[in-house]
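Hi,

Here is the structure I said I would pass on. Have a look at it first, and my notes on salt bridges and nonpolar cores follow below.

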Amino acid sequence: MQQAKSLRLSQSQQLLKRAEAVIPCQTQCFSKGPTQFVKGVSPHYAVRGTGCRVEDVDGNSYIDYMGALGPITLGYNHPKVNEAIRRQLEDGALLSLPHPLEVEVAEKLVACIPCAEMVRFTKTGSEATSAAVRIARAFTGRDLIVQSGYHGWHDWYAVTKPLRNRGIPKVLLDYILPFPYNNADSLQSILERNPGKVAAVMLEPSVLGPPNHGFLERCRKLTYEHGALLIFDEVIMGFRIALGGAQEKFNVVPDLATFGKGMANGMPLSAVMGRAAVMKSCDDIFYSSTFGGEILSLAACKAVIDIYQSEPVIEHLAEVGGKLLRGTRERIRRHGLERYIEIVGFDARSMFLFHAPRPEENLILKSLFHQEVVRRGILCNGYHNMTYAHSEEDIQRTLAVYDEAFEVLKEALDTGTLRERLQGVPMQEVFRPVQ
Ligand SMILES: Cc1ncc(COP(=O)(O)O)c(C=O)c1O
């Protein structure tokens with residue numbers, strides 16, 4: 001199999017050079033930054049999204065599986081969401097008093113998310129998780145947070161990232177206790193070692209796939225027994241595996257939950273929600289933000305919920321995503337790559353795991369896969385965030401590209417030429433050491 005031809009990337013590369021002069025890290029989000037793509041091979045700047053396609057600044061078009069890191073669930077440029085935003089724009093994006101949409105959208109979320117009796121809005125997932133932590137501490141009068149998963153860039157959590165926690169007082173490490181996902185025994189022993197001290201257990205309720213049988217139920221029971229709150233961080237899974245997230249899908253209801261990404265099909269909106277008695281702690285804490293009630297995003301969220309409730313969005317994400325997941329797994333097997341590539345996760349959000357013969361080459365293997373698919377018109381950075389806009393035809397086209405890419409990978413692995421075939425700078429870990 002021939003390696004794919006290189007893309008025209010001159011505009012992307014010029015912009016990246018300009019960014020190096022004026023934007024530290026060159027971007028606003030690690031996962032969109034140049035280290036997460038194969039420099040010299042991949043585009044760096046996109047100018048347009050339509051349905052499930054993204055066009056880069058040099059005019060190359062891709063079937064996109066990044067979904068802007070998750071927020072795009074209905075597809076880019078969705079006409080009904082755009083119309084809702086446009087109509088609201090005529091009346092204003094932000095006014096001097098709260099807009100009625102704050103009430104309407106809060107009511108809608110209360111109606112469709114199991115734990116939600118009251119809701120506060122904010123803009124990003126990180127703000128929502130930080131608000132949830134503050135609410136939990138205020139409600140319980142305790143300080144410790146036990147956590148599993150990723151919860152954003154704010155101090156209380158980011159202090160746990162040893163390669164990225166410069167600038168954060170290390171004393172905060174005394175207040176956060178990580179536990180491994182799916183390990184309720186570990187959670188139990190942390191709670192037993194800290195009686196009366198744990199305000200909340202916050203976790204991503206599902207990460208690389210469904211939780212082990214009984215895990216979420218035990219988290220629920222243990223938090224009750226120890227007087228701690230249970231918080232589900234549904235920033236990724238909300239509006240994706242179910243409208244109401246993992247709590248709806250797995251039928252375990254936390255005290256508080258945080259939602260973000262998928263709420264408004266790309267508009268910046270997040271929320272913390274939960275039991276009324278707990279949420280009322282907001283009356284006594286400092287949680288206040290100028291843009292908290294920004295109206296374009298609320299209008300988008302209202303349109304998004306209406307679409308989810310009147311069209312088979314969740315079913316479609318699972319159907320096309322399931323075909324892609326199973327088709328990919330079958331091709332991995334057919335090409336004899338099972339030892340090197342795995343695909344895991346949910347139909348609506350599946351993810352590759354790359355295992356090179358030498359572990360230090362995992363990212364080289366991932367980069368070579370990325371190189372071979374991006375040059376063939378597929379923007380996949382190791383995961384598939386499915387959208388309502390992906391069609392059967394897109395899936396078939398993607399699988400045909402994966403067939404070709406897997407053939408290149410197999411040849412490279414058989415001949416020990418992974419590095420030689422990579423024509424750019426390999427991707428790095430998201431949380432690489434700070435120099
Ligand atoms: C589970 C989870 N929580 C919180 C966040 C932080 O969200 P944001 O990047 O919008 O601040 C993310 C972001 O990826 C996430 O995946």
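R220 has a relative accessibility of 9%, so with the buried cut-off at under 20% this arginine counts as buried. Keep in mind that the model is predicted. The partner of R220 is D255: their side chains form a salt bridge, at 2.8 Å from N to O. D255 is buried too, because its relative accessibility comes to just 2%. The two residues sit 35 apart in the chain and link distant parts of it, with R220 in helix α7 (residues 215-226) and D255 in the loop between α8 (245-250) and β9 (256-259).

That pair belongs to a longer list, as I get 26 salt bridges in the structure. Here are two others I looked at.

E330 and R333 pair up with their closest N and O atoms 3.1 Å apart. Both are in helix α11 (residues 313-334), and the spacing of three residues is about one turn of the helix. Here the side chains are not buried: E330 is partly exposed at 29% relative accessibility, and R333 is partly exposed at 46%. Which residues are in the salt-bridge network that includes this pair? E330 and R333 are joined there by R331, R334 and D403.

E411 and R421 also meet in a salt bridge, at 3.5 Å from N to O. This one again links distant parts of the chain, 10 residues apart, running from helix α13 (residues 392-414) at E411 to helix α14 (residues 418-421) at R421. The two ends have separate labels: E411 is partly exposed, with a relative accessible area of 27%, whereas R421 is buried, at 17%.

Now for the nonpolar side of things. The largest nonpolar core has 83 residues, and the members touching the most others are F352, F369 and Y402. Helix α10 (residues 295-310) is the top contributor, giving 10 residues. Where does this core lie relative to the two domains? It lies between them, because domain 1 (10-76 + 313-421) and domain 2 (94-293) both supply residues to it.

If you want a spot to zoom in on, try F369. Beyond its neighbours within four places in sequence, F369 is in contact with F352, F354, C380, Y402, A405, F406 and L409. There is also a second core, separate from the big one, with 24 residues, among them V133, I145, L256 and I285.

Cheers

Terms used:
Residues are numbered from 1 along each chain as its sequence is written. This is a predicted model: local features need pLDDT of at least 70, side-chain atom pairs count only at pLDDT 80 or more; totals for chains, interfaces and linings use all residues. Side-chain values use heavy atoms; hydrogens and water are left out. A salt bridge is a side-chain nitrogen of Lys or Arg within 4 Å of a carboxyl oxygen of Asp or Glu. Helices (H or I, at least four residues) and strands (E, at least two) are DSSP runs, numbered from the N terminus. Buried means under 20% relative accessible area, exposed over 50%, partly exposed in between (1.4 Å probe, protein chains only). A nonpolar core is a set of buried Ala, Val, Leu, Ile, Met, Phe, Trp, Tyr and Cys residues joined through side-chain atoms within 4.5 Å. Domain bounds come from an automatic or database domain assignment. Contact means heavy atoms within 4.5 Å.
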